[in-house]
Amino acid sequence: MPSSSPTVAGIDSSTQSCKVVVRDAATGRLLRSGRAVHPEGTEVDPQLWWEALERAVADAGGLDDVGALAVGAQQHGSVLLDDDGGVVRDALLWNDARSAGAARDLTDELGGPGAWAEQVGSVLVASFTVTKLRWVAEHEPDAAARTRAVCLPHDWLTHRLAGGAAAGARLVTDRGDASGTGYFSAATGEYRPDLLERAFGTRPRLPEVLAPDAVAGESACASSRGALLGAGTGDNMAAALGVGAVPGDVVVSIGTSGVVSAVSDVATRDPSGAVAGFADATGRHLPLVCTLNAARVLDAAARVLGVDHAELSRLALSAPAGAGGLVLVPYLEGERTPVRPDATGALHGLTLETSTPAHLARAAVEGLLCGLADGLDALVAQGVPVRRVLLVGGGARSEAVRRLAPAVLGRPVLVPPPGEYVADGAALQAAWVLSGAGQPPRWELGEARTFEADPLPHVRERYARVRDLTAPRS
């Protein structure tokens, strides 16, 4: 690695794909990137993540010139390992709702939602790793009996990069991703092995929790051999780092899931369950609201109307504010916040007047944004200060989303230039590790666009009246 211009890499192993960015460690200038798709489904063999990572690295031209790299990956997924470090069964992902019953059972066993919020900062939902472990223990006892260690997707990929169990690599994680397991407290910075045992019946080995700037080892891969490895983190934590969020910033991300998160100096404990009390990737906290339904609401609306996303946006902006009273409750895959794992979406206010493509397009965008606005309200109710709202993610590329977001959220919205902010955050962590400095470097993102609009309280009011009027899946 030339000392005059060190480079770093960031990996985003998301639900749908793996992205790799290579950046200048000092300035953050993008040098090259690569991408590979992941298989669909809510249950995935982790080996397929590894194969996608290798393809993405090759697509990026290799990492032989990189001095450090780190992995940001989807939160909550349960990777179970045996005595030899082999994968016991396919990983259950965050969006696998079969553990909803386990979440309810564990909540009741500990004394209700408030007890979990007090113990680990979050009320359990089916997304959390601890609920997946209860499901496996109950439904696949043989797999549970073979399990000797439990880790998360980013932990497993970092472990593989370091050579895995065969090379004697450590199994490591960070506070951010660990805080989404249900058996780690962001407030205390410690695991709760008693809660792990309550769910799983045993206490399998857990990854060592490293400091945000700690060196996790060295890469043993031919494409990046000898490069330093960062601890990595969860995708939401990496995105906040990549977008440069600081206390007072709220990041609204519209991707596969919808996320409203804020960097905070104070841990939260929300007994309602709306706000998850996560840690961030810098040593602070990341109170967060997550919805299952986000950009795919736009995908679904475009599919129903037989249009592309540009036309969907044009149609939405051509319709009147409030879509003439047409309201879409976008629980197309059930919902996480509020907890509606078995819910379906619903369309209210359909009349002859509102039976147009434009009205439906507008209702889809407004329904999506109303769910995120509820998340912003939940953060404010927890005392989280809001100085700026930053809008990111694939859904933020929609002109209709950009223009309607300030009206529905009731605040001006800043939209940074499009980027792979999870991969960028992982790269920034790698640069931090490489520098050995006390704080991560500050990279210039480029000029953000500011969108402003008069608030539309009647849109929120109509949505609030019907958001619970949905039918369960048959």
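In this predicted model, the buried residues of helix α13 are Ala400, Val401, Arg402, Leu404, Ala405, Pro406, Ala407, Val408 and Leu409. The helix runs over residues 399–409 and is mostly covered, since 9 of its 11 residues count as buried. The two ends of α13 are also worth a look. At the N-terminal end, Ser398 acts as a cap, with a side-chain oxygen placed 3.3 Å from the backbone nitrogen of Ala400. Just after the helix comes Gly410, whose phi is positive, at about 75°.

Attention can now turn from a helix to an open space. The second largest pocket holds about 520 Å³ of space. Its lining is made up of 29 residues, and those nearest the pocket centre are Val243, Gly244, Ala245, Val246 and Arg442. Two elements give two or more residues to this lining, namely α9 (235–242) and β22 (388–392). Of the elements, α9 gives the most, with 4 residues. By residue type, the lining of the second largest pocket divides into 19 nonpolar, 5 polar and 5 charged residues.

Aromatic rings offer another way to read the model. A pair of aromatic rings is described by the distance of the centres and the angle of the planes. Across the whole structure, 3 aromatic pairs are found. One of them joins Phe184 and Tyr191, with ring centres 5.5 Å apart and planes at 80°. Why is the pair of Phe184 and Tyr191 edge-to-face? Planes over 60 degrees apart count as edge-to-face, and the planes of Phe184 and Tyr191 stand at 80°, so this pair belongs to that class.

The partners in this pair can also be described by their exposure. Phe184 has a relative accessible area of 0% and is therefore buried. For Tyr191 the relative accessible area is 22%, so this residue is partly exposed; the cut-off for buried is under 20%. Together with Tyr183, Phe184 and Tyr191 form one aromatic cluster.

Finally, rings in this model also have charged groups over them. The charged end of Arg98 sits over the ring of Trp135, at 4.9 Å from the ring centre. Another arginine, Arg160, lies over the face of Trp50, and here the distance to the ring centre is 4.5 Å.

Methods:
Residues numbered from 1 in each chain as written. Predicted model: local features only at pLDDT ≥ 70, side-chain atom pairs only at ≥ 80, totals over all residues. Heavy atoms only, no water. 1 Å grid on protein atoms, 1.4 Å probe; cavity = no way out; pocket = protein on both sides within 12 Å on 5 of 7 lines; lining within 4 Å. Points joined across faces, edges and corners; volume = space filled by probe spheres on them. Nonpolar A, V, L, I, M, F, W, Y, C, P; charged D, E, K, R; others polar. Buried < 20%, exposed > 50% of the residue type's maximum accessible area, 1.4 Å probe, protein only. Polar contact = N/O pair within 3.5 Å; in protein donor to acceptor, adjacent residues only side chain to side chain. Phe/Tyr/Trp six-rings, centres within 6.5 Å; stacked < 30°, edge-to-face > 60°. Lys NZ or Arg CZ within 6 Å of the ring centre and 35° of its normal.
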